[in-house]
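Colleague: I have a new structure open and could use a guided tour. Could you show me how to read it, feature by feature?

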Amino acid sequence: MRLLHALSPSSIASSTLRAHFASGKAPHRGPIATSSTRRWLLLSGTTGAIRHLSVAKPRILVARELTEDAMAALEKETRVDFIRTGIREVCPKDTMIRYLKESAPISGIILTLTEKVDQEILDAAGPSLKAISTMSVGYEHIPTPLLKERSIRLGYTPDVLTDAVAEIAVGLVLAACRKFRDAEEELRAGKWGAWNPTWMAGMGLTGKTVGIVGLGSCGVEVARRLVPFKVGRFVYQGTRPHADKERTLTPPGATFYSSLDEMLPLCDVLVITCALTPQTQGIINYGRLKLLPKGAVVVNVARGGIVVQPDLVRVVREGHLGGVGLDVMTPEPLPMDDELLRLPGMTLLPHLGSATRETREEMSQITINNAVNGVLGEPMPAELKL
Ligand SMILES: O=CC(=O)O
């Protein structure tokens, strides 16, 4: 690598980078660091890419761009150098590995749900890697045992997205119970005929039993938002009872079940909000779906893998369910030839749980702060205990 000369960062960041970032594509073949205190421009001997990295500061690879405001905030952070790929879509694994190697030593990585971390990526980063920061509450894309083994810290974004996800869940409950999607489709297809006593008649929530799988922070917020709809009672299943959360649901109150098999026959509406773990993978299968009363509604805002999707399709085809609302499915994005798209009574959203502008800003900011504090050895705003 050849040392060129000192340059003001704005001369690079504002022209070359902005143009490339605006295109949404990876801007160049080699890495470029962006931070307001950089002093040195380097020319890579192998790639010809311009680099300006300060030697002493920890480097954080930003695998894909976060929100615009968050990216602007990066520019003000002076304690670390950020290496931005400039990618706005999924950062491919080979691209991440190339950046990790060409910009070594990398102390931190910022990524999202879409960048799966594995041993190869950790090996490419090498022993300099101190922290990974994911812009998500879920972390099933990160091999936590490997991080623990290598003493790599993991930052994530719990809590800030709870309200947004709870809103989506309530939206899906209402849409599925009252057949929003099928009804709108009929209307648009010109099939709205004269008033009919049974056409598009769905299920009301008054007096019904709503079952929540996983009464964590998201589960309880869903239930709280459903109280004003005059739900008859809440039941929930998980690893332990939450008396504190139950109290916030009074009236109508909530009852804990350790067994899904015992709870499911009671549920007019089932809302899945638990984390995807080896213990919850595939727990909602054919047999369990058939335990629900006929005409029950199923909503999943957690992870597609908790439901055995072919089993869900089969149960819907058998006419057992009154409606289904999914914000998560398998795989994501859902291929256009997937069976789910051909079934009636399905309200499907493209994983929008946290998608409010406010939430995504907060998530981005926490992700950056987690990464910076993580590499500097300071407390992270939200660190997962490994
Ligand atoms: O699904 C969303 C997340 O894990 O943040």
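**Reading the model, step by step**

Modeller: Let's begin with a helix and its surroundings. The cover over the buried residues of α8 includes α6 (162-177), β10 (209-213), β11, α9 (243-247) and β13 (269-272). Keep in mind that this is a predicted model.

Colleague: How many residues of α8 are buried, and what does that say about the helix?

Modeller: Buried here means under 20% relative accessible area. In α8, 7 of the 10 residues are buried, so the helix is largely enclosed by the rest of the structure. Those residues are Cys-218, Gly-219, Val-220, Glu-221, Val-222, Ala-223 and Leu-226.

Colleague: You listed α6 as part of the cover. How many of its own residues are buried?

Modeller: For α6 the count is 12 of 16, so α6 too is largely enclosed by the rest of the structure. Among the buried ones are Thr-162, Val-165, Ile-168, Leu-172 and Cys-177. Just after the helix, Lys-179 has a positive phi of about 60 degrees.

Colleague: What span should α6 have, going by its number of residues?

Modeller: Use 1.5 Å a residue: the 16 residues of α6 should span 22 Å, and the end C-alpha atoms are indeed 22 Å apart. Try it on α13 (residues 357-376) as well: its 20 residues should span 28 Å, and the ends are 29 Å apart, which agrees. After α13 comes Gly-377, with a positive phi near 75 degrees.

Colleague: Now the loops. Where is Lys-230, and which residues does it touch beyond its sequence neighbours?

Modeller: Lys-230 is in the loop between α8 (217-226) and β11 (233-237). Leaving aside neighbours within four places in sequence, Lys-230 is in contact with Leu-205, Thr-206 and Gly-207. Take Leu-205: it is 25 residues from Lys-230 in sequence, yet their C-alpha atoms are 6.7 Å apart. Lys-230 itself is exposed, at 58% relative accessible area.

Colleague: What about salt bridges? How do I read those?

Modeller: The general idea is that side chains of opposite charge can pair when their charged atoms come close. The count for this model is 21 salt bridges. In one of them, Asp-118 meets Lys-93 at 2.5 Å, N to O. Asp-118 sits in the loop between β7 (108-111) and α4 (119-125), while Lys-93 is in helix α3 (residues 93-102), so the pair ties together parts 25 residues apart in sequence.

Colleague: And the pair of Arg-303 and Glu-140: how many residues apart in sequence are the parts it ties together?

Modeller: Their side chains meet in a salt bridge of 2.4 Å, N to O. Arg-303 lies in the loop between β14 (296-300) and α12 (309-317) and Glu-140 in the loop between β8 (131-134) and α5 (144-149), so this bridge ties together parts that are 163 residues apart in sequence. Arg-303 is buried, at 13% relative accessible area, whereas Glu-140 is partly exposed at 37%.

Colleague: Which residues form a nonpolar patch on the surface?

Modeller: Leu-187, Trp-192 and Trp-199 do, with about 360 Å² of accessible area together. Leu-187 belongs to helix α7 (residues 180-188) and counts as partly exposed at 45% relative accessibility.

Colleague: Let's zoom out. What does the whole chain look like in numbers?

Modeller: The chain has 13 helices and 16 strands, and 52% of its 386 residues are buried. About 17,900 Å² is exposed, with carbon and sulfur atoms supplying 56% of that.

Notes
Residues are numbered from 1 along each chain as its sequence is written. This is a predicted model: local features need pLDDT of at least 70, side-chain atom pairs count only at pLDDT 80 or more; totals for chains, interfaces and linings use all residues. Side-chain values use heavy atoms; hydrogens and water are left out. Helices (H or I, at least four residues) and strands (E, at least two) are DSSP runs, numbered from the N terminus. The expected span of a helix is 1.5 Å times one less than its number of residues. Buried means under 20% relative accessible area, exposed over 50%, partly exposed in between (1.4 Å probe, protein chains only). Accessible areas come from the Shrake-Rupley method with a 1.4 Å probe; for residues, only the protein chains shown count as cover. Patches are made of residues with over 30% relative accessible area and no salt bridge: like charges are joined within 9 Å, nonpolar side chains (Val, Leu, Ile, Met, Phe, Trp, Tyr) within 5 Å. A salt bridge is a side-chain nitrogen of Lys or Arg within 4 Å of a carboxyl oxygen of Asp or Glu. Contact means heavy atoms within 4.5 Å.
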